[in-house]
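The following questions and answers work through selected features of one protein chain. Please consult the sequence and the structure while reading.

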Amino acid sequence: MMRSLFSGVAGLKTHQTKMDVIGNNIANVNTVAYKTSSIVFADLMSQTTQRASGPNATTGTGGINARQIGLGVKSGAININITGQGSAQSTGNPFDVMIEGDNFFVVNNGTQNLFTRDGSFYVDAAGNLAMTSTGYNVMGWQFDEETNAVRKDTVSALRIMSAANMTYPPEATTQGNMSGIIDKLDPDVASINGRSVNMQFYDSQGYSYTAKFVFKQSDDVNEYSVELVKIENAAGEEVDLSPNPNKVADVNNFSLFGSSTTQDKAGKISFNSKDYHWDATGKILYKKGAAGDTEVANLANIVDGNALKGSNEWIDQADHSKGTVQDQLDAIAKAYGYEGSTEDFLNLICTVSDNDPTAATPNPTETKVSIREMIVNANTTMNTYPAEPTTGFTSLPTFVTPAGGTAPEDTSFETSGRNFTGVRVNYDPGKGHFVGVNGQSTQSTVTLNLGSIGEGNFENIVIDFSETSVLDNKGTCTIGATSGDYDGHGMGRRLGKMIGVAIETNGRIIASYDSGVTKCLGQIATASFANASGLEKMGDNMYAATLNSGEFDGIGVDITAGGGKMSTGQLEMSNVDLSSEFTEMITTQRGFQANSRIITVSDSLLEELTNLKR
């Protein structure tokens, strides 16, 4: 039998195998991350009819090459272009990930780790990141809450949508700051009510509150007072700021914000004698009316010993028509032109004299007292205008009309300052920049001691004033308050709900929450092999490690370690080149055709041989 006949058969089979490889490449031209294969031919074997001989020096003859007849062709190797990067296909799906580089995703089918370049992922019902085609879990590294870092240990399934990850815990505010410009010509900051500044903050349960502060100018334009007016919850209800006896050792000396101090601020108060008047004792205030006078306040009802009664205490427990102590204090403040600013009115300070006008040699002694003290004092000793008290300091100027006399023309009196609980913020008189707090150049912060009050789950808030200044800003203040320090630390937050997930270029999975924070949920690990072409195809775009590819250590590598990266919203396309495949198809067809001719010609020769005997 002719050897060429079998060589032709071997050629047909080998070219058929090559066509199978080409067909598979073309069939997978749109398969995600498919890597094209190519075949290499090798001659099958050769029959040696005469071995080679060397030159013979004795006979002088030369060497003869071996005489070998080839017996056909075989498949030498089928190679995978596994390192060839496929083109990017945009999908817009944040869970579609493309690897740029030579690494592989690590997935697990429940029994073993496999490897793929197919980055079409989704989140299954259990919250795990998985492959859309097979459901295999994507493997990676978990985020360690204690170290606040990814723990690069043995890979495990990435459960990114667990119940714990769906929300981000709230945190109480611990830092605050005030910044901006105070313009001394701003009518608000120079007014009686001052410039209001609000700061929103959170307690440890994530509830939102608003602290209301006020800046007020003193006679020294380089010093401003800052005091806490009140704190309201999200519903607008005022928070009880009473100290908690279990948290405060000395409740009577507790300071919520700053300390009790005074501010020099000259002013004038006028008693509205056209609408109001006091009785002859100077203890009962009446409002004038067409139908007669109406009692609006009685000092005897609102003073208890040496202090005012509780503001919410009823004047008459049986008859609530006279209102509370606060109602009567509000009425007195209104009579002196301080409607809506009762506390400011009570804290005003007057410089008074104990001069006795009947004394032969007047020897006045000036004393600074608040209107609050005057009201308390007036309940026991009240003098009619214009006489001054003969002992002690003056009482509240009531401008009572003397018996048989006329009302005074001037119903005003001077004030020299105000009591307040808060801080004094100091500024450089030349450049207007911040100098210190309470005259201390080394102090720039004041603590709002909310952790010591009885209501809420608050933390103390340290408020920094160092970024405030006194400058000309065309009569407009820009001063404002913000939770957190100047770098944004300690802001606090409410309970956050997950609103999005993104995968970074290094494979880290980052969740975003509606509270404005982000959290790392884990990191997608990758595998790298010394000989990636040695991986074994397992179907479904999967590869398995072999002895020739190198083993997977169970931990994997960070994709950025080898200069690679991940791109989201994209998938890697097949790296099949159709132009090359069709060219290979032509050469394969011609090779197959030529080998078939070998068989037909050999058959013809055999036919001639058999025809020798007829």
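A residue is called buried when its relative accessible area is under 20%, exposed when it is over 50%, and partly exposed in between. The model discussed here is predicted.

Q: Is arginine 372 buried, exposed or partly exposed?
A: The relative accessible area of arginine 372 is 27%. Buried requires a value under 20% and exposed a value over 50%. Arginine 372 is therefore partly exposed.

Q: With which residue does arginine 372 form a salt bridge?
A: The closest N and O atoms of the pair are 2.6 Å apart. A salt bridge needs a side-chain nitrogen of Lys or Arg within 4 Å of a carboxyl oxygen of Asp or Glu. The partner of arginine 372 is glutamate 343.

Q: How many residues apart in sequence are the parts that arginine 372 and glutamate 343 tie together?
A: Arginine 372 belongs to helix α6 (residues 371-378). Glutamate 343 belongs to helix α5 (residues 342-346), and glutamate 343 is partly exposed at 44% relative accessibility. Because the two partners sit in these two helices, the pair ties together parts whose separation in sequence is 29 residues.

Q: Which residues are joined into one network with Lys35 by salt bridges that share partners?
A: A network of this kind arises here from salt bridges with shared partners. Besides Lys35, its members are Arg117 and Glu572.

Q: How many salt bridges does the model contain?
A: The count rests on a nitrogen-to-oxygen distance within 4 Å. One of the pairs is glutamate 339 with lysine 334, at 3.9 Å from N to O. By this rule, the number of salt bridges is 17.

Q: How many residues apart are lysine 18 and glutamate 584?
A: The side chains of lysine 18 and glutamate 584 meet in a salt bridge, with 2.8 Å from N to O. The pair links distant parts of the chain, with lysine 18 in helix α1 (residues 3-27) and glutamate 584 in helix α7 (residues 578-610). Their separation along the chain is 566 residues.

Q: Which accessibility class, buried or partly exposed, applies to lysine 18?
A: The relative accessible area of lysine 18 is 14%, whereas its partner glutamate 584 has 33% and is partly exposed. The limit for a buried residue is under 20%. Lysine 18 is therefore buried.

Q: How many disulfides are found in the model?
A: A disulfide requires two cysteine sulfur atoms within 2.5 Å. Among the cysteines, cysteine 350 is buried at 1% relative accessible area, and cysteine 520 is buried at 9%. By the distance rule, the number of disulfides is zero.

Q: What is the sign of phi at asparagine 148?
A: Most residues other than glycine have a negative phi. Asparagine 148 lies in the loop between β11 (137-144) and β12 (149-157), and it is exposed at 58% relative accessible area. Although it is not a glycine, its phi of about 55 degrees is positive.

Q: Where does aspartate 540 lie?
A: Aspartate 540 is not a glycine, yet it has a positive phi of about 55 degrees. At 53% relative accessibility, aspartate 540 counts as exposed. Its place is in the loop between β35 (536-539) and β36 (542-544).

Q: Which residues form a negative surface patch with Glu455?
A: Glutamate 455 is in the loop between β28 (445-448) and β29 (461-470). Members of a patch must have over 30% relative accessible area, and glutamate 455 has 31%. The other residues of the patch are Glu237, Glu238 and Asp240.

Q: How far apart in space are lysine 431 and leucine 471, C-alpha to C-alpha?
A: Lysine 431 lies in the loop between β26 (412-427) and β27 (434-437), and it is exposed at 64% relative accessible area. Lysine 431 and leucine 471 are 40 residues apart in sequence. Their C-alpha separation in space is 8.0 Å.

Q: What distance separates the C-alpha atoms of glycine 554 and serine 579?
A: Glycine 554 is in the loop between β36 and β37 (565-568), and it counts as buried at 14% relative accessibility. Along the chain, glycine 554 and serine 579 are 25 residues apart. Their C-alpha atoms are separated by 40 Å.

Methods
Residues numbered from 1 in each chain as written. Predicted model: local features only at pLDDT ≥ 70, side-chain atom pairs only at ≥ 80, totals over all residues. Heavy atoms only, no water. Patch = residues over 30% accessible without salt bridge, like charges linked within 9 Å, V, L, I, M, F, W, Y side chains within 5 Å. Areas by Shrake-Rupley, 256 points an atom, 1.4 Å probe, with all protein chains shown as cover. Lys, Arg positive; Asp, Glu negative; His and termini not counted. Charge placed at Lys NZ, Arg CZ, Asp CG, Glu CD. Helix = DSSP H or I, 4+ residues; strand = E, 2+ residues; numbered from the N terminus. Buried < 20%, exposed > 50% of the residue type's maximum accessible area, 1.4 Å probe, protein only.
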